[in-house]
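Here are a few notes to get you started with this one. Have the structure open beside you while you go through the points.

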Amino acid sequence: MSDSISFGLTLPQRGALFGATTIRELLDLTQEADANPLFDSVWVGDSLMAKPRPESLTLLGALVGVTERLTLGVGCMASFPVRDPFVFAYQWANLDFISEGRMLLAACTGIVRGGASAAEGANWGVLDKERAARLEENIEIVRALWAGGKFTREGRWQSLQDAFIEPLPIQDPCPVWIASNPFPSESQPQVWERALHRVARMADGWMTVQMFPGMFKTNWSKIEGFLAQEN
């Protein structure tokens, strides 16, 4: 594990909806970060109906055009479980191709308390209780498509026949992080463990937050145990 620390800048893109900022200001800020060696990445958020904001992929396309050096990330991509994985794989590969290998995806389940994600998912027939499994299936599909060649799969929700995309991502493999910050729960330990086991089993990196003292340490210790099992 590297001991180096780097800094990323998260753009407040939701502010563009209510006058706190403008897209032009966000592009200018990103250009300043690109010229500043203190920063190595710029991040955008993502949501559809649950937490509306300027759409992540099209915004990232604009950021590719005004940067040369920075890694460009989305974290977390809350809409990932409801997106068509074939179309998404094509869009993300194209962003990586245009940016010459500077994209970083952090996908998540996108579950929001209070029913917002349930109302959003209803438009695609996606239940909140399915989002974790859909996240896993979509990760498997996009990785297979990014690997090149024709891909056939009969999945639980998505089936593909001799599918392929061009161009492929520049990065090989193209990284997929998982964003999760599950609460340790005595009442539902299987939910907590599944979320962290998914990180160890499927992710190239982990994005999280510390919502209360010791949360990161507790979750990371659990992931370390799962990583030992996987290896």
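1. Let's begin with Pro-52, which sits in the loop linking β2 to α2 (56-66). Keep in mind that this is a predicted model. Is Pro-52 buried, exposed or something in between? Its relative accessibility is 40%, and since the partly exposed class falls between under 20% for buried and over 50% for exposed, Pro-52 counts as partly exposed.

2. What does Pro-52 touch, if you skip residues up to four places away in sequence? The answer is Arg-14 and Leu-17. For a sense of distance, try Leu-135: it is 83 residues from Pro-52 along the chain, and their C-alpha atoms are 20 Å apart.

3. Now look at the strand that comes before that loop. Strand β2 (residues 39-46) runs parallel to strand β1 (residues 7-10), and four bridges join the two. To find your place in the pairing, look for Phe-7, which has Phe-39 of β2 opposite. Between these strands the chain passes through helix α1 (residues 23-35), making a right-handed β-α-β crossover.

4. On to the helices. A helix pair is described by the angle between the axes and by how far apart those axes are. For α1 and α2 the angle is about 45°, with 9 Å between the axes. That angle makes α1 oblique to α2, and the crossing of α1 and α2 is right-handed.

5. Which residues meet where α1 and α2 pack? From α1 come Leu-27, Thr-30, Gln-31 and Asp-34, and on the α2 side you'll find Ala-62, Leu-63 and Val-66.

Notes:
Residues are numbered from 1 along each chain as its sequence is written. This is a predicted model: local features need pLDDT of at least 70, side-chain atom pairs count only at pLDDT 80 or more; totals for chains, interfaces and linings use all residues. Side-chain values use heavy atoms; hydrogens and water are left out. Two strands pair if DSSP finds at least two bridges between them. A crossover is right-handed if, with the strands pointing away from the viewer, the path from the first strand over the helix to the second runs clockwise. Buried means under 20% relative accessible area, exposed over 50%, partly exposed in between (1.4 Å probe, protein chains only). Contact means heavy atoms within 4.5 Å. Axes are lines fitted to C-alpha atoms, for helices over the stretch in contact, and angles run from 0 to 180 degrees between N-to-C directions. Angles under 35 degrees count as roughly parallel, over 145 as roughly antiparallel, 65 to 115 as roughly perpendicular and the rest as oblique. A crossing is left-handed if the near helix is turned anticlockwise from the far one by less than a right angle, and right-handed if clockwise.
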